[in-house]
Amino acid sequence: MKREIEDVVKWMRETVENAGAKGLILGLSGGIDSAVVGALAKLAFPDTTLGLILPCESDENDEADARLVAEAIDLKIEKVDLTQTYRQLISSSFNSENKMARSNIKPRLRMTTLYYYAQDLRYLVLGSSNASEFYIGYYTKYGDSGSDLIPLAEFLKDEVYELARELGIPSKIIDKEPSAGLWEEQTDEKEMGFSYAILNAHIRGEKAAGEVGEKIDRMHKNSEHKRKFASIYKRKK
């Protein structure tokens with residue numbers, strides 16, 4: 001993983017420099033993916049990397065974990081609490097009973113905040129999706145996927161843990177159950193309906209049997225639009 005880290009850091013530097021930007025910004029959630037991305041960014045741009053803690057009706061423990069990560073990798077952080085913004089938006093619109101539609105507002109508000117800071121600082125925005133999540137579309141379109149660079153899109157979840165250990169991420173974060181933090185007691189594996197171990201094996205060619213394998217294939221197919229730029233109508237010539 002040392003070689004992988006070196007390659008990703010080099011790629012980050014080249015991408016930022018080619019864009020005429022000065023640094024990198026990311027949302028620091030307290031989870032392992034953003035912790036690894038933050039550590040990589042800090043290696044690439046030690047003095048011009050910023051982590052934003054963006055609570056939005058969030059568990060206070062997530063902020064504590066984000067601060068633990070920031071201290072471990074010596075990352076500059078700022079906090080923007082989006083809770084009232086979220087509640088105001090919900091109260092100003094029709095009150096949908098669709099739990100996912102309401103919850104996905106949160107990562108989209110975070111994306112808006114990241115780009116506000118990024119444009120002001122002339123930074124590029126980092127996404128934290130890994131290859132496992134990318135494969136099945138387990139992220140919010142124009143939310144946590146709204147970014148300029150996605151360093152972990154070639155690394156399956158188990159490889160992210162390897163990167164974390166190599167980068168010195170605190171064990172508390174590595175041992176933490178993965179969660180998008182969209183609602184209380186939400187976890188990735190509970191919401192997906194299968195484990196990351198099964199998903200990773202499926203992606204590597206050890207196809208999951210029965211309904212689980214079918215579900216993974218269906219999620220991959222149905223989320224194809226998330227992995228592409230918006231469809232553009234082609235005029236007939």
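This passage looks at one helix, its crossing with a second helix, and a loop residue in a predicted model.

Helix α2 covers residues 32-44, and its length works out neatly. With 13 residues at 1.5 Å a residue, the helix should span 18 Å, and its end C-alpha atoms do turn out to be 18 Å apart. As for its surroundings, twelve of the 13 residues of α2 are buried, so the helix is largely enclosed by the rest of the structure. Among the buried residues are Ile32, Val36, Val37, Leu40 and Ala44, along with Asp33 and Lys42.

One of the neighbours of α2 is helix α8, made up of residues 157-167. The axes of the two helices come within 10 Å and cross at roughly 50 degrees. Angles from 65 to 115 degrees would count as roughly perpendicular and those under 35 as roughly parallel, so α2 and α8 are oblique to each other. The crossing is left-handed. On the α2 side, the contact is made by Ile32, Asp33, Val36, Ala39, Leu40 and Leu43, while α8 brings in Lys157, Val160, Tyr161, Leu163, Ala164 and Leu167. Sorted by class, that makes ten nonpolar residues and two charged ones, with no polar residues at all. The spacing of such contacts fits a general rule: an α-helix has 3.6 residues a turn, so residues three or four places apart point the same way.

Elsewhere in the chain, Ser129 sits in the loop between β4 (123-125) and α7 (131-136). Ser129 has a relative accessible area of 4%, under the 20% cut-off, and therefore counts as buried. Leaving aside residues up to four places away in sequence, Ser129 touches Phe134, Tyr139, Asp144, Ile150, Leu152 and Ala153.

Terms used. Residues are numbered from 1 along each chain as its sequence is written. This is a predicted model: local features need pLDDT of at least 70, side-chain atom pairs count only at pLDDT 80 or more; totals for chains, interfaces and linings use all residues. Side-chain values use heavy atoms; hydrogens and water are left out. Helices (H or I, at least four residues) and strands (E, at least two) are DSSP runs, numbered from the N terminus. Buried means under 20% relative accessible area, exposed over 50%, partly exposed in between (1.4 Å probe, protein chains only). Contact means heavy atoms within 4.5 Å. The expected span of a helix is 1.5 Å times one less than its number of residues. Axes are lines fitted to C-alpha atoms, for helices over the stretch in contact, and angles run from 0 to 180 degrees between N-to-C directions. Angles under 35 degrees count as roughly parallel, over 145 as roughly antiparallel, 65 to 115 as roughly perpendicular and the rest as oblique. A crossing is left-handed if the near helix is turned anticlockwise from the far one by less than a right angle, and right-handed if clockwise. Ala, Val, Leu, Ile, Met, Phe, Trp, Tyr, Cys and Pro count as nonpolar, Asp, Glu, Lys and Arg as charged, and the others, Gly among them, as polar.
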